[in-house]
Amino acid sequence: MSRLQWKSLRSRVERTRHQYEPGYRSLDQKEWLKMHKTVFDKILSGDLPADRVYEDDSVFAFRDINPQAPVHVLVIPKTKFARFTEISSRPAEETGRFFSAVSKVATFLNLDSSGYRVVINNGRDGGQAVEYFHAHILAGRKLTWPPG
Ligand code: AMP
């Protein structure tokens with residue numbers, strides 16, 4: 001997110017937080033993002049609806065609200081972290097389980113023979129809008145290369 005978006009989001013949340021947490025101290029960006037509920041946190045907790053396509057113990061998959069291809073599914077791990085960057089410091093088994101589940105979701109969607117693309121946007125230049133790690137599965141049309 002841009003500096004401006006970050007400042008406005010943070011001040012909005014901090015304004016309300018001060019009302020019920022008198023001892024609340026200011027958090028750095030990393031700590032704050034860890035606590036902040038993204039739309040995907042809300043989908044996972046059931047506070048927001050989602051068009052679910054697959055779920056198991058470690059992942060949740062649902063259709064993107066603004067699809068960029070006839071099939072556009074998002075896969076999120078149930079254990080939250082914000083960015084792909086963090087994968088290097090997370091347990092390899094967890095990462096393996098996640099990517100194995102992404103592959104399973106694509107198979108479940110019948111995409112193996114026609115093909116598909118898995119996309120992970122990371123950070124500002126990567127175009128990441130939601131600070132909850134996720135993979136996009138895109139399919140159903142011939143995708144162009146290079147991506148924009
Ligand atoms: P990214 O840009 O990689 O962070 O992707 C975030 C994706 O989440 C975008 O493709 C959005 O269209 C999608 N998205 C945002 N809100 C929702 C929602 N409530 N349900 C499903 N997809 C969403």
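## A tour of the ligand site and two backbone features

Select α3 to begin, since α3 gives the most to the shell around the ligand, with 3 residues. Bear in mind throughout the tour that this is a predicted model.

Keep α3 on screen and add β2, because the shell counts residues with a heavy atom within 4 Å of the ligand, and α3 and β2 each supply at least two residues of that shell. Now select the whole shell of 16 residues, in which Asp64, Asn121, Ala129, His134 and His136 come nearest to the ligand. If you colour the shell by residue class, you should find 8 nonpolar, 6 polar and 2 charged residues.

**Polar contacts of the ligand**

Next, show Asn121 as sticks and look at its side chain, where a polar atom lies 2.8 Å from an oxygen atom of the ligand. Then turn to the backbone of Gly127, from which an N or O atom lies 2.9 Å from an oxygen atom of the ligand. Move on to Ala129, where it is again a backbone N or O atom that lies close to the ligand, at 2.7 Å from one of the ligand's oxygen atoms. With these contacts displayed, switch on a surface for the protein, which covers 82% of the 510 Å² of accessible area that the ligand has on its own.

**The pocket**

Hide the ligand for a moment and consider the space that holds it, for the ligand sits in the largest pocket. This pocket has a volume of about 330 Å³, and its lining is made up of 19 residues, among which Val39, Phe40, Asp64, Ile65 and Leu74 lie nearest the centre of the pocket. Select residues 39-45 for α3 and 59-63 for β2, and you will have two elements that each supply at least two residues of the lining. Of these, α3 provides the largest share of the lining, namely 3 residues. Colouring the lining by class, as you did for the shell, should give 11 nonpolar, 5 polar and 3 charged residues.

**Two stops along the backbone**

Leave the ligand site and centre the view on Asn110, which is found in the loop between α4 (92-108) and β4 (117-119). If your viewer reports backbone torsions, check phi of Asn110, which is near 65° and is thus a positive value in a residue other than glycine.

For the last stop, go past β5 (135-139) into the segment that follows this strand, where Pro146 has its place. Display the peptide bond that runs from Trp145 to Pro146, and you will see that this bond is cis, with omega near 0°.

Notes:
Residues are numbered from 1 along each chain as its sequence is written. This is a predicted model: local features need pLDDT of at least 70, side-chain atom pairs count only at pLDDT 80 or more; totals for chains, interfaces and linings use all residues. Side-chain values use heavy atoms; hydrogens and water are left out. On a 1 Å grid over the protein atoms alone, a cavity is a set of points where a 1.4 Å probe fits but cannot get out, and a pocket is an open set with protein on both sides within 12 Å along at least five of seven lines; lining residues have an atom within 4 Å of a point. Grid points are joined across faces, edges and corners, and a volume is the space filled by probe spheres set on the points. Ala, Val, Leu, Ile, Met, Phe, Trp, Tyr, Cys and Pro count as nonpolar, Asp, Glu, Lys and Arg as charged, and the others, Gly among them, as polar. A polar contact is a pair of N or O atoms within 3.5 Å; within protein, one must be able to donate a hydrogen and the other to accept it, and residues adjacent in sequence count only if both atoms are side-chain atoms. Accessible areas come from the Shrake-Rupley method with a 1.4 Å probe; for residues, only the protein chains shown count as cover. A molecule sits in a cavity or pocket if more than half of its atoms lie within 2 Å of its grid points.
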